[in-house]
Amino acid sequence: MNHPKTGEPWIRYIKIAPGQFIELFYGRKGENQKSSYNHLCLAVEDIFAAEQLLKDKGLPIDDDPKQGCDGNWQCWTHDPDGNKIEFMKLEPDSPQAKA
């Protein structure tokens, strides 16, 4: 799939089970092209309720809910080791929902 703003190759989706997929991102020019784990993403029904639950539990919010260029809503936190965790509200017309 090409990036909706730049038209450059951006991401590929590999469906592994219903509602489960792996995202493979293309490297950007100037970035280290080494393969690596980037983050874990969990789908939620209500992104704002997920953010509030994290706050209620005293967990850090790295990015408040916002709509990404894929049309989905997302917010971010991290685990005690600094690994990024994304919470995503899939929108019906998003590429992930269509995968």
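This is a tour of the structure above, one selection at a time.

**The whole chain**

Start with everything shown as cartoon. The model is predicted. Colour it by secondary structure: there are 2 helices and 6 strands. Follow the chain from the N terminus and the elements come in the order β-β-β-α-β-β-β-α.

Now switch on the surface. The accessible surface comes to about 7100 Å². Carbon and sulfur atoms account for 52% of that surface. Of the 99 residues, 25% count as buried. Among contacts with a separation of 6 or more, 32% join residues 24 or more positions apart.

**Stop 1: the β1–β2 hairpin**

Select residues 11–17 and 20–25. These are strands β1 and β2, an antiparallel pair with 6 bridges. To check the register, pick Arg-12 in the pair and look across to Leu-24 in β2, which stands opposite.

Move to the turn. The hairpin has 2 residues between its strands. Gly-19 takes a positive phi here, near 75 degrees.

Next, show Phe-25, also in β2. What is its relative accessibility? The value is 44%, so Phe-25 counts as partly exposed. Draw a C-alpha to C-alpha distance from Phe-25 to Arg-12: it reads 6.5 Å, across 13 residues of sequence.

**Stop 2: a nonpolar patch on this hairpin**

Keep the two strands and show side chains. Which residues make the nonpolar surface patch of about 340 Å²? Select Ile-14, Ile-16, Ile-22 and Leu-24. Both β1 and β2 contribute, each with at least two residues.

Zoom in on Ile-22, a β2 residue. Its relative accessibility is 38%, and because buried means under 20% and exposed over 50%, Ile-22 counts as partly exposed.

**Stop 3: the nonpolar core**

Hide the surface. In soluble globular proteins, nonpolar side chains tend to be buried together. Here, select Val-44, Ile-47, Ala-50, Leu-54, Cys-75, Ile-85 and Phe-87: these 7 residues form the largest nonpolar core. Two elements, α1 (47–56) and β6 (84–89), each give two or more residues to this core. The largest share, 3 residues, comes from α1.

Stay with one core member, Ile-85. Which residues does Ile-85 contact, apart from its neighbours within four places in sequence? Show Leu-40, Leu-42, Cys-75, Trp-76, Thr-77, His-78 and Asp-79. Cys-75 in this list is also a core member.

**Stop 4: salt bridges**

Select the charged side chains. How many salt bridges does a search of the whole structure find? There are 2.

Take Glu-51 and Lys-55. Their closest N and O atoms lie 3.4 Å apart. Both residues are in helix α1, 4 residues apart, about one turn of the helix. Are the two partners buried or exposed to some degree? Glu-51 has 9% relative accessibility and therefore counts as buried. Lys-55 has a relative accessible area of 41%, so it is partly exposed.

Now go to Lys-89 and Glu-91. Their side chains form a salt bridge, with 3.9 Å from N to O. Glu-91 is partly exposed, at 23% relative accessibility. Lys-89 is partly exposed too, with a relative accessible area of 23%.

**Stop 5: β4, β5 and β6**

Select residues 63–67 and 73–78. Strands β4 and β5 run antiparallel here, paired over 3 bridges. Pick Lys-66 and find its bridge partner in β5, Gln-74. The hairpin has 5 residues between β4 and β5. Look in the turn for Gly-71, which has a positive phi of about 95 degrees.

Add residues 84–89, strand β6. β5 and β6 are antiparallel and joined by 6 bridges. Return to Gln-74: its bridge partner in β6 is Met-88. Gln-74 therefore makes a good centre for this view, with Lys-66 as one bridge partner and Met-88 as another.

End at the next turn. The β5–β6 hairpin has 5 residues between its strands. Gly-82 sits in the turn, with a positive phi of about 90 degrees.

How values were computed:
Residues are numbered from 1 along each chain as its sequence is written. This is a predicted model: local features need pLDDT of at least 70, side-chain atom pairs count only at pLDDT 80 or more; totals for chains, interfaces and linings use all residues. Side-chain values use heavy atoms; hydrogens and water are left out. A nonpolar core is a set of buried Ala, Val, Leu, Ile, Met, Phe, Trp, Tyr and Cys residues joined through side-chain atoms within 4.5 Å. Buried means under 20% relative accessible area, exposed over 50%, partly exposed in between (1.4 Å probe, protein chains only). Contact means heavy atoms within 4.5 Å. Two strands pair if DSSP finds at least two bridges between them. Accessible areas come from the Shrake-Rupley method with a 1.4 Å probe; for residues, only the protein chains shown count as cover. Patches are made of residues with over 30% relative accessible area and no salt bridge: like charges are joined within 9 Å, nonpolar side chains (Val, Leu, Ile, Met, Phe, Trp, Tyr) within 5 Å. A salt bridge is a side-chain nitrogen of Lys or Arg within 4 Å of a carboxyl oxygen of Asp or Glu.
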